[in-house]
Amino acid sequence: MRRDQEMASGLITSDFQDFANAAKKLANHAIKLGGLGFGTTFLEWIASFAAIYLLILDRTNWKTNILTGLLIPYIFFTLPSILFNVLRGEVGKWIAFVALILRLFFPKHFPDWLELPSALILLIAVAPSLFANTVRNDWIGLVICLAIGCYLLQEHIRACGGFRNSFTKANGISNIVGIILLFVYPAWAIVLDIL
């Protein structure tokens with residue numbers, strides 16, 4: 001019996017050592033691949049998808065009392081450059097044009113859940129280059145994103161009736177995880193800008 005316990009603890013110790021070695025190799029490869037910039041780009045994608053996730057979540061039966069309209073400028077500032085440039089080009093202009101025509105001339109056929117996404121596309125397509133190129137890629141945009149994340153977190157905690165309740169309610173966990181993911185990219189990018 002004692003020998004089995006020693007063997008099990010030896011196996012666990014060996015597994016932890018293998019895990020630590022794998023984590024070190026992953027970190028070394030990530031730094032070789034693109035340095036800290038790779039991590040920033042990855043976190044930018046995660047933050048954008050977290051904001052889109054919260055936007056979709058609010059339009060389903062998991063409605064919350066938080067102001068999800070703030071997710072539109074957050075997505076504007078954190079959308080990865082590849083997607084942003086596609087939506088800023090002709091594709092985005094055509095999507096915005098069709099959405100605007102549908103909203104103006106066929107309001108009964110324009111669903112409510114499309115209002116915020118069409119506002120995002122319109123914002124991306126017609127934003128002045130000062131916002132689209134300068135503020136978006138600067139620390140000002142990161143501070144705005146961090147402020148939006150802080151505001152949404154405190155509103156969610158207040159709407160749930162406290163910090164503990166925000167984790168125990170049925171829709172609280174999914175919302176709080178999404179909101180916490182909103183913090184990761186701006187905080188990381190601000191720290192890298194300071195360094």
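Student: How much area does the chain expose, and which atoms supply 70% of it?

Tutor: In this predicted model, the chain exposes about 12400 Å². Carbon and sulfur atoms supply 70% of that area.

Student: What share of the 195 residues counts as buried?

Tutor: A residue is called buried if its relative accessible area is under 20%. By that cut-off, 32% of the 195 residues count as buried.

Student: Which secondary structure does the chain have?

Tutor: There are nine helices and zero strands. Along the sequence the pattern is therefore written with nothing but helix symbols, as α-α-α-α-α-α-α-α-α.

Student: What share of the contacts joins residues at least 24 apart?

Tutor: A contact needs heavy atoms within 4.5 Å. Among contacts between residues at least 6 apart in sequence, 75% join residues at least 24 apart.

Student: What volume does the largest pocket have, and which residues are closest to its centre?

Tutor: Its volume is about 270 Å³. The lining has 14 residues, and the closest to the centre are Ile52, Leu55, Ile56, Pro117 and Leu120.

Student: Which helices each supply at least two residues of that lining?

Tutor: They are helix 1 (2-59), helix 3 (81-88) and helix 5 (115-126). Helix 1 gives the largest share, five residues.

Student: What makes a lining residue nonpolar, and how many are there of each class?

Tutor: Ile, Leu and Pro are among the types that count as nonpolar, whereas Asp, Glu, Lys and Arg count as charged. By these classes the lining has 13 nonpolar residues, one charged residue and no polar ones.

Key: Residues are numbered from 1 along each chain as its sequence is written. This is a predicted model: local features need pLDDT of at least 70, side-chain atom pairs count only at pLDDT 80 or more; totals for chains, interfaces and linings use all residues. Side-chain values use heavy atoms; hydrogens and water are left out. On a 1 Å grid over the protein atoms alone, a cavity is a set of points where a 1.4 Å probe fits but cannot get out, and a pocket is an open set with protein on both sides within 12 Å along at least five of seven lines; lining residues have an atom within 4 Å of a point. Grid points are joined across faces, edges and corners, and a volume is the space filled by probe spheres set on the points. Helices (H or I, at least four residues) and strands (E, at least two) are DSSP runs, numbered from the N terminus. Buried means under 20% relative accessible area, exposed over 50%, partly exposed in between (1.4 Å probe, protein chains only). Accessible areas come from the Shrake-Rupley method with a 1.4 Å probe; for residues, only the protein chains shown count as cover.
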